[in-house]
Amino acid sequence: MYEGAIQDLIDELGRLPGVGPKSAQRIAFHVLSADPADVKRLAAALQRVKELVRFCTTCFNVAESEQCRICRDPRRTGDVLCVVEEPKDVVAIERTGEFRGRYHVLGGAINPLEGIGPDNLRIRELMARLADGTVKELILATDPNTEGEATATYLALLVKPMGIAVTRLASGLPVGGDLEYADEITLGRAFEGRRAV
Amino acid sequence: MTGFRTKLYRDDAVVLRCQKLGESDRIITLFTRRHGRVRAVAKGVRRTTSKFGARLEPFGHVDVQIVEGRTLHVIGQVEGIDLFGKRFIEDYPRYTAASAIAETAERLTPVEEEPALRLYLLTLGALRALAGGEHAGTLVLDSYLLRAMGYAGWAPALSACAVCGTDGRHRAFSVPAGGCVCPDCRPPGAAHPAPATLDLMAALAEGDWRVADASDHSARREASGLVAAHLQWHLERALRSLPLVDRS
Ligand SMILES: [Zn+2]
Ligand SMILES: [Zn+2]
């Protein structure tokens with residue numbers, strides 16, 4: 001245990017995901033010895049992210065205004081919608097440069113063991129977006145693991161009766177991994193080779 | 001050097017739960033045959049290049065090597081024996097039933113690394129039956145729950161009065177009393193399920209699939225409700241997965 005401010009910082013850092021007590025201590029002492037201007041920038045960035053960033057009211061991606069950059073972009077086609085679990089998956093797919101449609105971010109995957117059912121995700125909002133008939137194809141790009149696949153199965157059952165083509169990323173994405181770790185080439189190929197479900 | 005020797009064991013196990021840890025790891029909760037419930041870290045499992053591939057996905061039956069650590073164990077090697085999860089992802093109701101089986105197994109093994117062979121075999125058998133698709137998923141789940149409660153020592157009484165022990169298929173059912181109750185012992189507020197419902201519950205508890213498979217929808221629904229109520233009554237915290245089981 002250290003005194004006062006340094007221990008407070010170690011405690012706060014230790015509450016972050018993936019940061020153990022040893023890492024928290026290492027980061028805290030790094031901050032202590034860092035240039036004051038760098039530390040100020042970090043503190044300001046932490047504050048700004050909470051003040052400025054919110055969720056797009058259309059697709060639930062992170063946004064700095066009512067709508068995110070992608071929903072505001074008139075060059076993006078509205079007839080293909082890609083469903084992902086998290087905003088970081090939007091980033092991963094954007095990196096491939098393969099996709100010109102829009103997104104819908106669910107906020108996770110159906111995982112009964114964690115108490116997450118369909119009502120805890122933005123599925124109702126997705127159905128509302130699909131109701132006006134603009135979307136012709138729905139790409140299910142949930143993670144290639146059990147929860148992601150089961151979520152895709154659930155959504156396909158819900159959406160197919162609406163007469164919308166439902167596709168899933170091509171196999172070739174290794175099962176068990178997170179979408180965000182797929183490299184651009186693999187993910188790009190999975191997009192090109194998507195199959196109807 | 002003895003203090004630094006790593007202990008290592010191999011066992012077969014069912015994957016009950018996977019939780020993200022840090023950047024690319026997961027904590028895997030395993031129900032092992034000889035070591036009971038064990039939590040161990042699978043390093044790098046979320047990377048698409050992981051050597052573990054799909055073998056540590058939920059509900060799989062695997063052969064696993066565990067390296068004992070001071071705080072958390074680490075998974076060394078894994079071989080898939082039967083990766084049931086693959087068959088549940090195409091069938092959403094079965095996926096939700098498998099989740100409820102896994103959560104129940106976890107909750108009925110409160111102490112880590114305490115062997116529970118009978119419950120292990122029951123859990124493995126239930127997942128195998130669920131994957132086999134021979135019986136309705138909700139029947140497999142309710143049969144599992146009834147038998148698992150039996151192992152825990154609080155199965156609902158179905159063939160004798162829960163209070164006085166008088167033999168027979170009594171018509172009233174009371175969760176607080178412990179199951180079926182005779183007219184003399186019946187507490188206020190006891191339910192009066194259809195006889196077919198109690199027949200179904202008895203069949204599920206005994207594994208009489210001929211009777212269970214022939215049951216109708218309303219008996220299944222009512223039995224599921226009583227089984228769930230009985231289970232929740234005996235667990236300190238409610239199961240999270242049970243209300244999410246798709247019984248359509
Ligand atoms: Zn948006
Ligand atoms: Zn009695």
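Let's start with a turn in chain B of this predicted model. Strands β1(B) and β2(B) form a hairpin, with three residues between them. One residue in that turn, Gly22(B), has a positive phi of about 60°. If you trace the two strands away from the turn, you will find that β1(B) and β2(B) run antiparallel and are joined by eight bridges. Strand β2 of chain B covers residues 25-32. To see one of these pairings for yourself, look at Arg17(B), whose bridge partner in β2(B) is Thr29(B).

Strand β1(B), which covers residues 7-21, also pairs with β4(B), residues 61-68. Here too the strands run antiparallel, and eight bridges join them. A good place to look is Leu8(B), which has Val67(B) as its bridge partner in β4(B). As you follow a strand like this, keep a general rule in mind: in a regular strand, side chains alternate between the two faces of the sheet.

Now let's move to chain A. Its secondary structure consists of eight helices and seven strands. The C-alpha trace of chain A spans about 65 × 35 × 35 Å along its principal axes. The chain is divided into domain 1, residues 4-52, and domain 2, residues 75-196. Taken over C-alpha atoms, the centres of these two domains of chain A are separated by 34 Å. Of the 197 residues in chain A, 34% are buried. Among contacts in chain A with a separation of 6 or more, 56% are between residues 24 or more positions apart.

One helix deserves a closer look: α5(A), residues 87-96. Which of its residues are buried? They are Asp89(A), Val90(A) and Ile93(A). These three lie on the same side of α5(A), because they cover an arc of only 105° around the axis. The general rule behind such patterns is that an α-helix has 3.6 residues a turn, so residues three or four places apart point the same way. What do the buried residues of α5(A) pack against? Their neighbours in chain A are β3 (80-84), β4 (102-105) and α8 (184-192). After the helix comes Gly97(A), with a positive phi near 70°.

Finally, let's bring the two chains together. How many residues of each chain are in contact with the other? On chain A there are 21, and they are in contact with 29 residues of chain B. The chain A side of this meeting place has 10 nonpolar, eight polar and three charged residues.

Notes. Residues are numbered from 1 along each chain as its sequence is written. Chains are lettered from A and ligands numbered from 1 in the order in which they are written. This is a predicted model: local features need pLDDT of at least 70, side-chain atom pairs count only at pLDDT 80 or more; totals for chains, interfaces and linings use all residues. Two residues are in contact if their C-beta atoms, placed from the backbone, lie within 7 Å. Ala, Val, Leu, Ile, Met, Phe, Trp, Tyr, Cys and Pro count as nonpolar, Asp, Glu, Lys and Arg as charged, and the others, Gly among them, as polar. Two strands pair if DSSP finds at least two bridges between them. Helices (H or I, at least four residues) and strands (E, at least two) are DSSP runs, numbered from the N terminus. A residue is buried if 20 or more other C-beta atoms lie within 10 Å of its own, exposed if 12 or fewer, and partly exposed in between; C-beta atoms are placed from the backbone. The arc is that of the directions from the helix axis to the C-beta atoms. Domain bounds come from an automatic or database domain assignment.
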